[in-house]
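User: Hi! I've got a structure open and would like to walk through it with you. Could we take it piece by piece?
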Amino acid sequence: MRIRIIAAVAIACLGGSTLALAAPVTKDDAVAMVKKAVAAIKADGPEKAYAEINKGGQFANGEIYVVVSNFDGVTVAHATNPKLLGKNMTEVQDVDGKYFSKNMTELARKETSFWYDYKFANPATKKIQVKDNYCEVLSSSRVCAGVYRP
C-alpha cells in the first residue's frame, strides 16, 4: 500500500500534474481572503487595491478568489477573470435562475457582512458547483470570496 502511494505521488510529480494533496479550502479561508482584500482597499485606496486584486496573486488561491462589485452590480475588481471587469452582472442568473449578483447587492444594502450561495463554474474543476460566497460591505461595494461545495 505504501509503495502504491509513493508511486502515485512520483508519477504525479513527474507528469507535472497537481495531485490533490493540499488540505481542502474552507469557509474560514474565504473569510480570511475577504478580510485581506478589505484591509488592502482601506490601506491603499480602491484604485491601487483593485489593480492588485486584478493581478490575482495574494487575492487568488485555487478556487478562492476575490471579486469586488459596486452597488450597481458592476464588477470593479476580479482576481481571476478580467473579462468580467466593468460588466454589469445584475441580470446574470445561475443555472437555477438565481439573480446572484442582484441578490447579493440587495443583501449588501442591509448587512455589513453575509453569506450567499449560488451555482457557478469552479475555476479549479471547470464544473458548475454550489459556491458559498462570503461578502463584506465597504462603502458602496461588496468584497466577496467563496468556496465551492464538493
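User: Which side chain does Thr90 join in a polar contact?
Analyst: That would be Asn88: the two side chains make a polar contact of 2.6 Å. Keep in mind that this is a predicted model. The side chain of Thr90 also has a polar atom 3.2 Å from the backbone oxygen of Asp72.

User: And where does Thr90 lie?
Analyst: Thr90 is in the loop that runs between strand E4 (75-78) and helix H4 (100-110).

User: Is Thr90 buried or exposed?
Analyst: Buried, because its relative accessibility is 17% and the cut-off for buried is under 20%.

User: What is Thr90 in contact with, leaving aside its neighbours within four places in sequence?
Analyst: With those set aside, the contacts of Thr90 are Asp72, Gly73, Tyr99, Ser101 and Lys102.

User: Switching topic: how many disulfides does the count come to?
Analyst: One disulfide. Cys135 and Cys144 form it, with 2.1 Å between their sulfur atoms. Both Cys135 and Cys144 are buried.

User: Why is that disulfide of Cys135 and Cys144 called right-handed?
Analyst: Because the torsion about its S-S bond is about 110°.

User: Now the nonpolar interior. Which residues of the largest nonpolar core touch the most other members?
Analyst: Ile41, Ile53, Phe59, Val66, Val68 and Val143, out of 25 residues in that core. Two or more residues each come from helix H2 (27-44), helix H3 (46-54), strand E2 (64-65), E3, strand E6 (128-138) and strand E7 (141-148). H2 gives the largest share, eight residues.

User: What does Val68 touch, not counting residues up to four places away in sequence?
Analyst: Quite a list: Ile41, Tyr50, Ile53, Val74, Thr75, Val76, Ala77, Ser141, Arg142 and Val143. Another core, of eleven residues, lies apart from the largest one, and its members include Met89, Met104, Cys135 and Cys144. That brings back the two cysteines of the disulfide.

User: How about empty space: how many cavities of 30 Å³ or more does a search of the whole structure find?
Analyst: One cavity. The largest cavity holds about 180 Å³ of space. It is lined by 18 residues, and the closest to its centre are Val67, Ser69, Phe100, Met104 and Tyr118. Elements that give two or more residues to the lining are E3, E4, H4, strand E5 (113-121), E6 and E7.

User: Let's follow up on Ser69. Which strand does Ser69 lie in?
Analyst: Ser69 is in strand E3, which covers residues 67-70. Ser69 has a relative accessible area of 3%, so it counts as buried. Setting aside residues up to four places away in sequence, Ser69 touches Val74, Thr75, Val76, Ser141 and Arg142.

User: How far apart in space are Ser69 and Ser140?
Analyst: They are 8.8 Å apart, C-alpha to C-alpha, with a separation of 71 residues in sequence.

User: Last one, Asp132. Where is Asp132 found, and is Asp132 buried or exposed?
Analyst: Asp132 is in strand E6. Its relative accessible area is 8%, so Asp132 is buried.

User: Which side chain does the side chain of Asp132 make a polar contact with?
Analyst: The side chain of Arg149, at 2.7 Å. Leaving aside neighbours within four places in sequence, Asp132 is in contact with Arg149 and also with Lys27, Trp115, Tyr116, Asp117, Ala145, Gly146 and Val147.

Terms used. Residues are numbered from 1 along each chain as its sequence is written. This is a predicted model: local features need pLDDT of at least 70, side-chain atom pairs count only at pLDDT 80 or more; totals for chains, interfaces and linings use all residues. Side-chain values use heavy atoms; hydrogens and water are left out. Helices (H or I, at least four residues) and strands (E, at least two) are DSSP runs, numbered from the N terminus. Buried means under 20% relative accessible area, exposed over 50%, partly exposed in between (1.4 Å probe, protein chains only). A polar contact is a pair of N or O atoms within 3.5 Å; within protein, one must be able to donate a hydrogen and the other to accept it, and residues adjacent in sequence count only if both atoms are side-chain atoms. Contact means heavy atoms within 4.5 Å. A disulfide is a pair of cysteine sulfur atoms within 2.5 Å. A nonpolar core is a set of buried Ala, Val, Leu, Ile, Met, Phe, Trp, Tyr and Cys residues joined through side-chain atoms within 4.5 Å. On a 1 Å grid over the protein atoms alone, a cavity is a set of points where a 1.4 Å probe fits but cannot get out, and a pocket is an open set with protein on both sides within 12 Å along at least five of seven lines; lining residues have an atom within 4 Å of a point. Grid points are joined across faces, edges and corners, and a volume is the space filled by probe spheres set on the points.
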